[in-house]
Amino acid sequence: MLDFDGQVVIVTGSGSPKGIGRTIARTFARQKAAVVIADMNEAGVKETVEVICAEGGEAMGVVVNVTDEASVQAMVDAVMEKYGRIDVLVNNAGISQKVTVEDMTLADIRRIFEVNMFGLFLCTQACMKPMRAQKYGRIVNLSSVSGKRGGGVFGGAHYSASKAAVLAFSKNLSREISAEGITINSVCPGLINTEIWKSLPKEDADKVIDGIPMGRPGETQEVANAIVFLASKEASYITGEEIDINGGSHMD
């Protein structure tokens with residue numbers, strides 16, 4: 001078991017019961033971390049905190065808009081006031097949109113990048129300061145198989161571009177600050193068994209499954225397990241890496 005006792009972990013986008021974020025947060029809590037549930041969905045934040053506490057974990061809820069610099073800084077300030085440290089940041093908050101390039105608007109592109117890239121940047125920049133002060137930190141960014149192979153699961157070209165940007169940003173940042181005891185890595189999930197997947201028409205779902213050698217979607221727990229490892233002390237010599245979690249649908 002990876003031990004996060006005494007560590008503080010922020011997971012953005014962890015208020016929704018529909019995605020990966022809540023599973024990530026619960027997994028860290030089971031490893032004894034104090035988990036910060038950060039999301040725009042106030043009801044979802046409260047519910048996730050209650051779930052973790054009912055399981056015997058430690059959690060703090062923060063309502064945050066990751067695209068707003070003041071909101072992100074207020075989140076970091078609140079965490080530092082309560083815990084005095086930030087050890088792990090998981091940039092999980094993200095949005096998607098299924099639209100062709102022909103039908104896409106500039107506003108669509110801006111909206112996707114505001115959350116998936118600019119929000120990730122703001123949270124990373126704000127959390128880097130306490131991490132640098134303590135000379136330790138782990139940042140794990142959620143990209144996607146779409147950012148590596150150019151779509152094929154969900155979302156349009158703007159989504160793929162935003163997730164590709166996450167990978168380039170993470171690698172560059174790892175060169176900047178890894179010598180200070182802070183690692184930056186990315187995970188690239190493929191098709192994962194979430195509410196979005198369940199809402200697909202059977203014909204579309206079958207086409208996606210046909211392209212997965214393992215013949216099934218991944219589970220949110222399988223993504224969370226990889227993230228927790230990358231955030232652990234045991235992964236101390238891994239930085240600038242991108243881990244594929246896609247059942248073989250894309251192989252480097």
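In this predicted model, 7 strands (E runs of at least two residues in DSSP, numbered from the N terminus) form an open sheet in the order E3-E2-E1-E4-E5-E6-E7, and the pairing, for which DSSP must find at least two bridges between two strands, is parallel. Strand E3 (58-63) and strand E7 (242-245) stand at the edges with a single partner strand each, so one side of each is left without a neighbour in the sheet. On average, and with direction ignored, neighbouring strands of this sheet are turned by 20° against each other. Strand E2 (residues 34-39) pairs with E3 in the parallel sense over 6 bridges, and Asp-39 stands opposite Val-63 in E3.

Residues are numbered from 1 along each chain as its sequence is written. Because the model is predicted, local features need pLDDT of at least 70 and side-chain atom pairs count only at pLDDT 80 or more, whereas totals for chains, interfaces and linings use all residues, and side-chain values use heavy atoms, with hydrogens and water left out.

The protein contains 9 helices and 7 strands, helices being DSSP runs of H or I with at least four residues. Helix H3 (residues 69-83) lies across strand E1 (8-12), E2 and E3 and runs at about 150° to E3, where axes are lines fitted to C-alpha atoms, for helices over the stretch in contact, and angles run from 0 to 180 degrees between N-to-C directions. Helix H6 (residues 157-177) lies across strand E5 (137-142), strand E6 (182-189) and E7, at about 160° to E6.

The axes of helix H1 (residues 21-30) and helix H2 (residues 42-54) come within 10 Å and cross at roughly 30°, which makes H1 roughly parallel to H2, a term that applies to angles under 35 degrees. In the contact between them (heavy atoms within 4.5 Å), Arg-22, Ala-25, Arg-26 and Ala-29 in H1 meet Gly-44, Glu-47, Thr-48, Val-51 and Ile-52 in H2. By class, this contact of H1 with H2 has 4 nonpolar, 2 polar and 3 charged residues, with Ala, Val, Leu, Ile, Met, Phe, Trp, Tyr, Cys and Pro counted as nonpolar, Asp, Glu, Lys and Arg as charged, and the others, Gly among them, as polar.

The axes of H3 and helix H4 (residues 106-134) come within 9 Å and likewise cross at roughly 30°. Here Glu-69, Val-72, Gln-73, Met-75, Val-76 and Met-80 in H3 meet Leu-122, Cys-123, Ala-126, Cys-127 and Pro-130 in H4, and the residues of this contact divide into 9 nonpolar, 1 polar and 1 charged.

Technical notes. Angles under 35 degrees count as roughly parallel, over 145 as roughly antiparallel, 65 to 115 as roughly perpendicular and the rest as oblique.
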